[in-house]
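Please open the model in your viewer and set it to a simple cartoon display. The tour below proposes a series of selections and describes what is found at each one.

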Amino acid sequence: MTLGATALLLSGCGAAPAPSGSAGGSAGASDYLGCIVSDSGGFDDQSFNQSSYEGLKKTEKDLGIKIKQAESTTKADFEPNLNQMANAGCNLTFTVGYLLADATKKVATSDPSAHFAIIDDNSIDLPNVKPVVYDTAQAAFLAGYVAAAQTKTGKVGTFGGINIPTVTIFMDGFADGVKYYNEKKGKSVALLGWDKDTQQGVFTNTFDVVQEGTKATNNLLNDGADVIMPVAGPLGKGAGDAILAANKTGKDAKLVWVDSDGYLSAPAFKSVLLTSVMKQMGEAVETIVKDDKEGKFDPTPYIGTLENDGVGLAPFHDLDSSVSADTKSEIDTIKKDIISGKLTVASAASPKK
């Protein structure tokens with residue numbers, strides 16, 4: 001947990017910020033108020049809430065703005081927290097996650113002079129709401145290829161929190177990366193937990209109960225998977241715990257993190273972390289705030305791709321020596337081919353431009 005996240009937890013859920021700033025863009029640095037509301041995962045989720053908040057904190061330092069935050073613990077907190085931000089006079093409010101879509105649309109409609117940016121949702125069509133979405137299938141493709149190259153059992157696995165596009169897009173890309181490895185190498189690495197063709201797989205049906213991540217991971221481990229990618233926010237911690245425990249009993253399993261670089265955001269799992277499929281949320285947050293502060297806000301979606309570094313594959317860190325030079329070279333080539341369009345990564349959940 002970061003110091004910033006710890007401070008947020010100590011401050012309690014959704015404490016109303018003191019009024020400050022004014023609605024709309026084009027404020028001076030000292031008057032500009034950038035705000036953020038988390039989903040129920042909180043700002044210490046070691047995932048996209050935390051990355052988004054850290055991006056806003058970096059923006060505070062880099063651009064000299066003021067910031068406010070409200071942490072949600074349940075869905076019932078979303079609208080009150082957003083209303084508190086509106087009452088504070090936030091110039092721009094980030095709402096983190098598709099779960100906040102309804103509340104964001106309602107508050108943005110009632111306060112058209114204020115600007116909003118919603119991460120991981122592209123369903124709101126309002127002139128004062130900017131969607132921030134990511135083509136994570138591209139980066140997950142790279143992770144699937146690496147996982148297939150690294151498995152010793154010939155089986156890799158994945159599971160999701162809830163069967164929604166922002167989850168299945170990771171699973172689709174991962175599946176295609178495994179398939180591409182098999183085609184290129186004449187192998188038959190099996191993917192457990194997801195069938196791209198049927199869009200059916202293993203889901204915990206929660207993003208909140210960490211133990212469900214442990215259960216899902218143990219099931220995949222018991223079925224023979226030795227590289228596992230959880231796509232379930234905080235439940236990644238449960239997956240990491242399961243892998244650490246399994247390795248103490250003689251297994252040699254590895255973890256693939258999502259959203260942030262897990263080596264930095266979830267350091268307890270450094271020893272088993274192969275890589276991470278990253279959404280570079282901090283960069284998007286700072287770019288959007290900078291544009292808004294300069295009076296250049298627009299509702300055109302921000303789409304993170306490999307080409308604009310909005311998504312990416314994290315370094316292998318402590319496990320770097322276990323990944324062959326050939327695999328690293330192949331990953332570099334695949335990335336270039338995706339960016340150039342030579343290789344197409346397609347998911348039904350990929351954001352539309």
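The tour begins with the whole chain and then turns to individual helices and loops.

**The whole protein**

Keep everything selected, and bear in mind that this is a predicted model. The cartoon shows eleven helices and 14 strands. Along the principal axes, the C-alpha atoms occupy a box of roughly 60 × 40 × 35 Å. A compact globule of 353 residues would have a radius of gyration near 20 Å, and the protein agrees with this because its own value is 20 Å.

Next, colour the residues by accessibility. Of the 353 residues, 56% are buried. The surface amounts to about 14200 Å², of which 50% is supplied by carbon and sulfur atoms. If contacts are displayed between residues at least 6 apart in sequence, 72% of them join residues at least 24 apart.

Now select the charged side chains. There are 32 positive and 43 negative charges, and the mean positions of the two sets lie 3 Å apart.

**Helix H6**

Select residues 165-185, which form helix H6. Its 21 residues reach 30 Å from the first C-alpha to the last, close to the 30 Å expected at 1.5 Å a residue. Is this helix enclosed by the rest of the structure or open? Helix H6 is largely enclosed, because 15 of its 21 residues are buried. Move on to Gly186, just after H6, where phi is positive at about 65 degrees.

**Helix H10**

Select residues 281-293 for helix H10. Its 13 residues should span 18 Å at 1.5 Å a residue, and the end C-alpha atoms are indeed 18 Å apart. Which residues of H10 are buried? They are Met281, Gly282, Ala284, Val285, Glu286, Ile288, Val289 and Asp292. Just after H10, select Gly295, which takes a positive phi of about 75 degrees.

**Two loop residues**

The last stops are residues other than glycine with a positive phi. Select Gln199, in the loop between strand E8 (194-195) and strand E9 (200-201). Phi of Gln199 is near 60 degrees. With a relative accessibility of 25%, Gln199 counts as partly exposed, because the class of buried residues is limited to those under 20%.

Finally, select Asp309, located in the loop between strand E13 (302-304) and strand E14 (311-313). Asp309 is not a glycine, and its phi is positive, near 60 degrees.

Methods: Residues numbered from 1 in each chain as written. Predicted model: local features only at pLDDT ≥ 70, side-chain atom pairs only at ≥ 80, totals over all residues. Heavy atoms only, no water. Helix = DSSP H or I, 4+ residues; strand = E, 2+ residues; numbered from the N terminus. Rg over C-alpha atoms; globule rule 2.2 N^0.38 Å. Buried < 20%, exposed > 50% of the residue type's maximum accessible area, 1.4 Å probe, protein only. Contact = heavy atoms within 4.5 Å. Areas by Shrake-Rupley, 256 points an atom, 1.4 Å probe, with all protein chains shown as cover. Lys, Arg positive; Asp, Glu negative; His and termini not counted. Charge placed at Lys NZ, Arg CZ, Asp CG, Glu CD. Expected span 1.5 Å × (residues − 1).
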